[in-house]
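Take a look at the model below. Start with the ligand, and work outward from there.

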Amino acid sequence: MLQGKPDCCLAQQRRIRKQEMSHPNIKDGWFKESQALWPGQAMTLQVKEILHQEKSQFQDVLVFQSTNHGNVLVLDGVIQATERDEFSYQEMIAHLPLNAHANPKKVLVIGGGDGGVLREIVKHDCVEEVTLVEIDEAVVKASKKFLPAMAVGFQHPKVKLHIGDGFAYLKENENTYDVIITDSSDPVGPAESLFGETFYDLMRKALLPGGIICTQGECQWLHLPLIRSVLTHARTIFPVAEYAWASVPTYPCGNMGFILCSNEPGKDLKTPARYFERSVEDKKLRYYNREVHSAAFVLPQFAKAALEV
Ligand code: SPM
């Protein structure tokens with residue numbers, strides 16, 4: 001050590017700083033996720049330690065260690081990923097569109113700054129290049145430090161990271177991608193515009209022929225009017241648009257949807273165009289498999305009736 005305080009003092013200072021960290025959503029050792037998007041209900045997780053808290057240029061970024069769900073990433077008070085169940089969301093938002101495509105080579109991810117979707121995309125050997133465009137570098141930095149099992153996605157040689165605005169990026173990259181995945185937070189705050197028609201049209205223009213998009217599609221138990229409206233405008237922009245869903249225990253109602261669109265008329269998104277080998281499904285996947293792919297598009301009656309547009 002050249003100068004400054006001895007290591008033991010620095011460690012003590014770090015301990016004190018952590019003890020001093022607090023967050024308005026954490027009281028009496030419990031994190032509570034209440035939000036206008038899911039009125040009258042709130043997920044709570046028991047907190048062991050707050051690991052990181054900052055107000056970035058775009059949002060409130062919180063990472064805490066929970067007692068039973070590993071480390072948890074929270075943006076503007078909303079759970080984005082817990083180490084215990086993130087795999088279901090990340091696998092589904094990645095493998096549904098990628099396996100619906102016969103030969104995806106160039107993939108774009110908008111959002112997804114924790115790196116978990118990248119980790120899944122690079123499981124496809126045919127993919128040659130993945131670009132992730134994240135507006136908030138603070139999310140990437142916090143994930144690299146506290147969510148290494150997700151951020152491992154950034155280490156792959158096929159991956160390029162671009163810190164910036166997804167809208168601007170799409171405008172500059174027409175006719176470029178086989179698959180575009182938008183892994184956004186909810187439609188309040190910085191992600192609101194990612195659910196609108198302008199954004200869907202930009203994604204359409206950025207696709208190559210035969211291209212597929214997949215976006216975070218919210219929850220059928222909570223947001224049917226929103227999902228219906230997004231599907232309706234998606235169907236004016238793309239010849240094919242479908243809704244699929246997965247079980248994600250720490251998202252509201254334990255249920256999360258995806259909107260998939262293809263620019264190829266008549267494209268069957270529900271049947272995989274490619275399969276992972278059974279050995280890959282067994283060893284490298286924890287939620288997605290070829291049967292889950294098709295099953296994800298089967299809707300319960302209340303949602304089917306509401307989404308038939
Ligand atoms: N890579 C993980 C990022 C998560 N992106 C989606 C987060 C959605 C959180 N809210 C779920 C609300 C469902 N109605």
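The ligand fills the largest pocket. A pocket here is an open set of points on a 1 Å grid over the protein atoms alone, with protein on both sides within 12 Å along at least five of seven lines. A molecule sits in a pocket if more than half of its atoms lie within 2 Å of its grid points.

This is a predicted model, numbered from 1 along each chain as its sequence is written, where local features need pLDDT of at least 70, side-chain atom pairs count only at pLDDT 80 or more, and totals for chains, interfaces and linings use all residues. Side-chain values use heavy atoms, leaving out hydrogens and water.

Which residues come nearest to the ligand? Of the 17 around it, these are Gln90, Asp114, Asp183, Asp186 and Glu218. Being around the ligand means having a heavy atom within 4 Å of it.

Now the polar contacts (pairs of N or O atoms within 3.5 Å). The side chain of Glu218 places an N or O atom 2.6 Å from a ligand nitrogen. For Asp186, the distance from a polar side-chain atom to a ligand nitrogen is 2.8 Å. For the Gln90 side chain it is 2.9 Å. The protein buries 99% of the 440 Å² that the ligand exposes when taken alone, by the Shrake-Rupley method with a 1.4 Å probe.

Domain 1 (4-82) and domain 2 (86-307) both contribute to the shell, so the ligand lies between them. The domain bounds come from an automatic or database assignment.

Note on methods: Polar contact = N/O pair within 3.5 Å; in protein donor to acceptor, adjacent residues only side chain to side chain. 1 Å grid on protein atoms, 1.4 Å probe; cavity = no way out; pocket = protein on both sides within 12 Å on 5 of 7 lines; lining within 4 Å.
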